[in-house]
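Reader: I'd like to learn how to read strand pairing and cysteines in a model. Could you walk me through it?

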Amino acid sequence: MSNTTRHMDCRPQDVFDVLADGWSYATWVVGAARIRDVDRDWPAVGTRIHHSVGVWPLLVSDTTVVEHVDAPRELQLRVKAWPTGEGRVLIRCEEEEEGGTVVSMEEWAVSGPARLMPAPVQDAALHARNTEALRRLSYLAESRARRDDDRPGGGARVRKPPQGAGDGQDAQQT
């Protein structure tokens, strides 16, 4: 099983808002080429995203199904990407006391040829892919959080500038 984590400078709800937008799936999931349809009640248990994987003209149509949801903390998916097989993905969002969210993504093959790969090889491939997926998810969630902060009643957060910013301010409001 591959376990990949990333700190995101936003609330768990900001991350979950992206996860709950099934049409954004191909934006952050590495390998998803396009979204064909999203069930109306996504991400309720049993709902599906109908997507394609691959590169044109070699696209394969498949689905991702919600197996468990505890918004905004957990989302478990059964992902299909034939011909490699099917996997299970568990995304957890844990709010940090000092601010932000630690997002972890656990993934493992449950059927098909990918399940036959040795665990270290499978884990290395999934970790590399999920590192990029969490990077993309972070961009979307943090961008959404900044946009929401600018709306009336959004409640701007105070963030420390990066080390070496040299602007002479202790905190930066975004």
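Author: Gladly! Let's begin with pairing: two strands pair if DSSP finds at least two bridges between them. Keep in mind that this is a predicted model. Here, strand S6 (residues 86-95) and S7 pair in the antiparallel sense over 10 bridges. Five residues lie between the strands in this hairpin, where Gly99 takes a positive phi near 110°.

Reader: Which residue in S7 is the bridge partner of Arg88?

Author: That is Trp108. S7 also pairs with strand S1 (residues 2-8), again in the antiparallel sense, over seven bridges. There, Ser2 has Glu107 in S7 as its bridge partner.

Reader: Why is S7 largely enclosed by the rest of the structure?

Author: In general, side chains in a regular strand alternate between the two faces of the sheet. To judge burial, use the cut-off of under 20% relative accessible area. Strand S7 (residues 101-111) has eight buried residues out of 11, so the rest of the structure largely encloses it.

Reader: Now the cysteines. How many disulfides does a search of the whole structure find?

Author: Zero. A disulfide needs two cysteine sulfur atoms within 2.5 Å. The closest cysteine sulfur to that of Cys10 belongs to Cys93 and is 8.2 Å away, so the pair is too far apart for a bond. Cys93 is likewise in no disulfide, its nearest cysteine sulfur being that of Cys10.

Reader: Are these two cysteines buried or exposed?

Author: Cys10 counts as buried, at 3% relative accessibility. Cys93 is buried too, with a relative accessible area of 4%.

Note on methods: Residues are numbered from 1 along each chain as its sequence is written. This is a predicted model: local features need pLDDT of at least 70, side-chain atom pairs count only at pLDDT 80 or more; totals for chains, interfaces and linings use all residues. Side-chain values use heavy atoms; hydrogens and water are left out. Buried means under 20% relative accessible area, exposed over 50%, partly exposed in between (1.4 Å probe, protein chains only). Helices (H or I, at least four residues) and strands (E, at least two) are DSSP runs, numbered from the N terminus.
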